[in-house]
Amino acid sequence: MNKLIVTGIDINRHYMTAVTLMRQKQSFSLIDFRIFTLSGNIFPESEVLDYQKIVKKLAEVRKGLPWFSRHVAVAVPELAVMSRIVTISPQQSDVMEAWAVYQAFSEKVSLTASQLSVDYMAVNDGFRVYAARKEVVNSRLCALRGARLKPVLVDTEKQCFLQLLIEAMHHHGKTGRVLAEIKETVIRLGFMSLTDCFYLCMPQKAGCNEGSTVLAQIINEFQQFCSIQRCKPSGVWLIEKNASSAAQFGEKLQCPVELFHPFSVLDGKCFPEDEPTALCTLAVGMSMRGIIAREEGYAASY
């Protein structure tokens, strides 16, 4: 039973959210969530965590977890992730294939394999490789282990956000939906077509009236994607504390817009769907991805 419980932990510059989910047949059940305010600069280097400043908060997360359920999943910010398509000649073993992929990717990014944490998957025209600098990944793993937590997955924010979209469409019996999140300092948009996916995350200055400009740029790029893919969204799920952006989505995409809360796809305890809990979007997706990784046998033991 323990393997079906995972806590997703989303660490930002100003707050940290922890969402604990459990697999219930074909759905996910919410066990608990916590939101912590962070002070000081926890990222002294580019997306590298300060161990001393975060480990005590992570220990607080551990103390609130169900007994013997310390499995956690985290994600690397998209700005820290490198992605390329590489092609290699056929190899005689999985080990040789991995080495060839690492070498081909290293040549494209001018970094050695020893400097990177790498994952890859086969695609039609070769291998799609995802990588981040090792210090970015290791800073998270060290902090989690220092708090006596057990990391099972280090993912990307893109995959976690899109996992929430997939689960939402399954839960509500919908298809062709756009998931958009508008926060004070960032805007995200995700969509799954029949053959490809779209994800874009762009920062915006807190307290500035830039939201409409940044949002217009994201919508424009999404419309170009739809034109190439020859697809049309059936509706938009909008994560926002008010509906001020709904009109812009409806006008540009010509489809209905509904306010959405990440807890709406979960069974179990009832929690208020208010502004603070809307901060849990990525943590929900991280927990889902961690549970799936354990179910399908590719969860790591860091």
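## The second largest pocket and its surroundings

The second largest pocket holds about 750 Å³ of space. A pocket is an open set of points on a 1 Å grid over the protein atoms alone, where a 1.4 Å probe fits, with protein on both sides within 12 Å along at least five of seven lines; lining residues have an atom within 4 Å of a point. The volume is the space filled by probe spheres set on the points. Of the 24 lining residues, Val118, Asp119, Tyr130, Val154 and Asp155 are the closest to the centre of this pocket.

This is a predicted model, in which local features need pLDDT of at least 70 and side-chain atom pairs count only at pLDDT 80 or more, while totals for chains, interfaces and linings use all residues. Residues are numbered from 1 along each chain as its sequence is written, and side-chain values use heavy atoms, with hydrogens and water left out.

β6 (116–123), β7 (126–133), α3 (134–146) and β8 (150–156) each supply at least two lining residues, and β6 gives the most, with 6 residues. Helices (H or I, at least four residues) and strands (E, at least two) are DSSP runs.

The domain bounds below come from an automatic or database domain assignment.

| Domain | Residues |
|---|---|
| domain 1 | 5–78 + 138–156 + 278–296 |
| domain 2 | 79–133 |
| domain 3 | 161–259 |

Domain 1 and domain 2 each contribute at least three residues to the pocket lining. The C-alpha centres of domain 1 and domain 3 are 25 Å apart; 14 residues of domain 1 are in contact with 10 residues of domain 3, where contact means heavy atoms within 4.5 Å.
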